[in-house]
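I opened this notebook to record what I looked up in the model, moving from the whole chain down to single residues. The entries follow the order in which I checked things.

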Amino acid sequence: MSKNEEVILNEEIDFPEVRCVGDDGEQYGVVSSEEALKIAEQKGLDLVLIAANAKPPVCKIMDYGKFRYQQEKKLKEAKKKQKQIEIKEIKLSVKIAINDINYKVKHAREFLEENKHVRFRVFLRGREVSEPQAGFEVLEKVATMLEDVANVDRDFKVEGRYVNMLVTPKK
């Protein structure tokens with residue numbers, strides 16, 4: 001449940017008549033909202049508006065505190081099961097030596113074995129910004145070295161002073 005989602009409970013329900021459903025699935029039918037509230041109070045539970053737009057509006061008799069607790073518990077469980085993708089970033093330059101590229105590719109392989117995504121960024125200095133082709137060539141060398149262990153996105157993106165390439169591990 002989101003924080004801005006407003007829930008209407010008990011005395012706040014001001015419809016003349018509502019369709020009332022019990023917490024055990026029991027149908028009370030269409031009754032006045034006062035009568036539905038009395039039924040809820042007799043059971044020691046809350047009257048919660050479920051569908052305000054229905055004709056007549058639908059209310060359910062339930063323990064609202066318990067219901068909210070269970071909803072929050074489900075959200076936490078779902079959050080735990082989410083898979084977080086970690087992106088490691090490796091920076092290169094246009095004038096990088098081949099043995100330096102080999103060293104950085106070795107690190108990228110380690111990251112890919114750990115199932116992490118790797119972003120290569122080539123920094124363009126000075127006049128290199130007007131000719132990003134040199135950055136593309138460096139990334140092309142890296143891409144050919146990693147083809148056996150990774151899926152290479154060869155759509156190199158120029159973002160400001162950087163040329164980027166994203167590499168994901170092969171399944």
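Entry 1, domains. I began with the domain centres, which, taken over C-alpha atoms, are separated by 57 Å in this predicted model. The domain assignment that I used for this gives domain 1 as residues 10–80 and domain 2 as residues 87–169.

Entry 2, secondary structure and overall form. I then listed the elements and noted four helices and nine strands in the protein chain. Read from the N terminus on, their order is β-β-α-β-β-α-β-α-β-α-β-β-β. I looked up the radius of gyration next and found 30 Å, well over the 16 Å that the globule rule gives for 171 residues, so the chain is more spread out than a compact globule. Along the principal axes, I noted that the C-alpha atoms fill a box of roughly 80 × 35 × 20 Å.

Entry 3, burial, contacts and surface. I checked how many residues are covered, and 32% of the 171 residues of the protein chain count as buried. I also looked at contacts between residues at least 6 apart in sequence, and of these 55% join residues at least 24 apart. For the accessible surface of the protein chain I wrote down about 11600 Å², with 48% of that area belonging to carbon and sulfur atoms. For the charges I compared the mean position of the 32 positive ones with that of the 31 negative ones, and the two positions are 8 Å apart.

Entry 4, a cis peptide bond. Going through the backbone, I noted that the peptide bond from Lys55 to Pro56 is cis, with omega near -15 degrees. I placed Pro56 in the loop that runs between strand E3 (46–51) and strand E4 (58–62).

Entry 5, Asn10. Which value of phi does Asn10 have? I found phi near 40 degrees, a positive value in a residue other than glycine. Asn10 belongs to the segment before strand E1 (17–21). I asked myself whether Asn10 is buried or exposed; its relative accessible area is 19%, and because the cut-off for buried is under 20%, Asn10 counts as buried. Leaving out residues up to four places away in sequence, I listed Leu37, Asp46 and Leu47 as the residues that Asn10 touches.

Entry 6, Asn115. I recorded a positive phi for Asn115 as well, near 65 degrees, again in a residue other than glycine. Asn115 sits in the loop between helix H3 (98–113) and strand E6 (117–123). Its relative accessibility is 47%, and I therefore entered Asn115 as partly exposed.

Entry 7, Ala134. Where is Ala134 placed? I located Ala134 in helix H4, which covers residues 133–146. With a relative accessible area of 25%, Ala134 is partly exposed. I finally took the C-alpha to C-alpha distance from Ala134 to Leu124, which comes to 8.8 Å for two residues that are 10 apart in sequence.

Note on methods: Residues are numbered from 1 along each chain as its sequence is written. This is a predicted model: local features need pLDDT of at least 70, side-chain atom pairs count only at pLDDT 80 or more; totals for chains, interfaces and linings use all residues. Side-chain values use heavy atoms; hydrogens and water are left out. Helices (H or I, at least four residues) and strands (E, at least two) are DSSP runs, numbered from the N terminus. The radius of gyration is taken over C-alpha atoms; the globule rule is 2.2 Å times the number of residues to the power 0.38. Buried means under 20% relative accessible area, exposed over 50%, partly exposed in between (1.4 Å probe, protein chains only). Contact means heavy atoms within 4.5 Å. Accessible areas come from the Shrake-Rupley method with a 1.4 Å probe; for residues, only the protein chains shown count as cover. Lys and Arg count as positive and Asp and Glu as negative; His and the chain ends are not counted. The place of a charge is taken as NZ of Lys, CZ of Arg, CG of Asp or CD of Glu. Domain bounds come from an automatic or database domain assignment.
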